[in-house]
Amino acid sequence: MKANVLKALNEQWNAEYYSAYLYMAMSAYAEQAGFKGAANWLFEQAREEAAHAEHIYEHILERGGTPAFSDIKSPPVKYKNLKDVFAKVAEHEKRVTGMIDAIANLAQDERDHATYNFIMWFVDEQIEEVADAEDLLGKVTLIGDNPGALLSLDATLAQRKFKNPFHKD
Ligand SMILES: [Fe+2]
Ligand SMILES: [Fe+2]
């Protein structure tokens with residue numbers, strides 16, 4: 001693997017752990033604000049991000065690259081309300097989409113077909129991530145301060161259970 005591709009993949013797997021950290025911080029906020037369902041959704045989202053990190057890490061090793069471990073910066077822990085949380089989830093996922101697209105561009109430039117093919121899974125994944133985040137943001141925006149509707153949304157979010165697509169067990 002070329003050094004610039006390896007560097008980009010290393011930055012990305014560390015960035016996926018930052019995403020996990022960010023969603024755990026949001027989950028803690030939601031839990032303490034009394035939204036146990038939203039806390040569950042965000043916690044499962046954090047687990048999903050950790051699985052993304054592991055998947056890239058494994059790909060680096062498989063290609064004979066050396067994984068780099070960077071400091072994971074601490075995420076924001078203060079949020080105004082659930083709408084603020086989901087607005088920030090959507091914003092963050094759009095940023096991640098830009099990072100994934102940049103890796104796809106680099107892989108194309110370097111004619112690294114293996115990395116290009118590998119990163120395409122993440123390109124697809126980001127479509128879903130942004131769509132889901134925007135869907136939830138739309139819902140909390142519509143709900144506003146209606147407590148009944150908020151609790152019903154929270155009950156729906158309690159159902160989410162992450163299943164690691166990279167592991168068969
Ligand atoms: Fe991710
Ligand atoms: Fe994500």
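Donors are taken here as N, O and S atoms within 2.8 Å of the metal, with water not among the atoms, so sites may look incomplete. In the predicted model, Glu-49 acts as such a donor to two metals, bridging the iron ion (ligand 2) and the iron ion (ligand 1), which are separated by 3.2 Å.

The coordination of the iron ion (ligand 1) involves Glu-16 through OE, Glu-49 through OE and His-52 through ND1, at 2.1 Å. Along the chain, these donors follow the pattern E-x32-E-x2-H. Distant parts of the chain are linked by the pair formed by Glu-16, located in helix H1 (residues 3-32), and His-52, located in helix H2, with their positions 36 residues apart in sequence. Both Glu-16 and His-52 are buried.

The iron ion (ligand 2) takes its protein donors from Glu-49 (OE), Glu-93 (OE), Glu-93 (OE) and Glu-129 (OE), at distances of 2.1 to 2.6 Å. The spacing of these donor residues in sequence is E-x43-E-x35-E. Glu-93 belongs to helix H3 (residues 82-109) and Glu-129 to helix H4 (residues 113-143), so this pair ties together parts of the chain that are 36 residues apart in sequence. Angles subtended by the 4 donor atoms around the iron ion (ligand 2) run from 51 to 145°, and the arrangement is therefore irregular; a tetrahedral assignment would require all angles to lie between 85 and 135 degrees. Glu-93 has a relative accessibility of 1% and therefore counts as buried. Glu-129, at 6% relative accessibility, is likewise classed as buried, the limit being under 20% relative accessible area.

The helices that carry Glu-16 and His-52, H1 and H2, pack at an angle of about 165°, and their axes are 8 Å apart. H1 and H2 are therefore roughly antiparallel to each other, a description applied to angles over 145 degrees. Their crossing is left-handed. Within helix H2 (residues 36-62) lies Ala-46, which counts as buried because its relative accessibility is 5%. When residues up to four places away in sequence are not counted, Ala-46 touches Ala-20, Tyr-23 and Met-24. From Ala-46 to His-113 the C-alpha to C-alpha distance is 29 Å, with a sequence separation of 67 residues.

A further helix pair is formed by H4 and helix H5 (residues 147-157), which pack at an angle of about 160° with their axes 9 Å apart. This angle makes H4 roughly antiparallel to H5. H4 passes H5 in a left-handed crossing. On the H4 side, the contact is made by Leu-136, Lys-139, Val-140 and Ile-143, and on the H5 side by Ala-149, Leu-150, Leu-153 and Leu-157.

The loop between H3 and H4 contains Arg-111. Most residues other than glycine have a negative phi. Arg-111, although not a glycine, has a positive phi of about 55°. With a relative accessible area of 66%, Arg-111 is exposed, whereas Glu-93 of H3 is buried at 1% relative accessibility.

Notes:
Residues are numbered from 1 along each chain as its sequence is written. Chains are lettered from A and ligands numbered from 1 in the order in which they are written. This is a predicted model: local features need pLDDT of at least 70, side-chain atom pairs count only at pLDDT 80 or more; totals for chains, interfaces and linings use all residues. Side-chain values use heavy atoms; hydrogens and water are left out. Four donors count as tetrahedral if all angles lie between 85 and 135 degrees; four count as square planar and six as octahedral if opposite donors are over 155 degrees apart and all others between 65 and 115; anything else is irregular. Helices (H or I, at least four residues) and strands (E, at least two) are DSSP runs, numbered from the N terminus. Buried means under 20% relative accessible area, exposed over 50%, partly exposed in between (1.4 Å probe, protein chains only). Axes are lines fitted to C-alpha atoms, for helices over the stretch in contact, and angles run from 0 to 180 degrees between N-to-C directions. Angles under 35 degrees count as roughly parallel, over 145 as roughly antiparallel, 65 to 115 as roughly perpendicular and the rest as oblique. A crossing is left-handed if the near helix is turned anticlockwise from the far one by less than a right angle, and right-handed if clockwise. Contact means heavy atoms within 4.5 Å.
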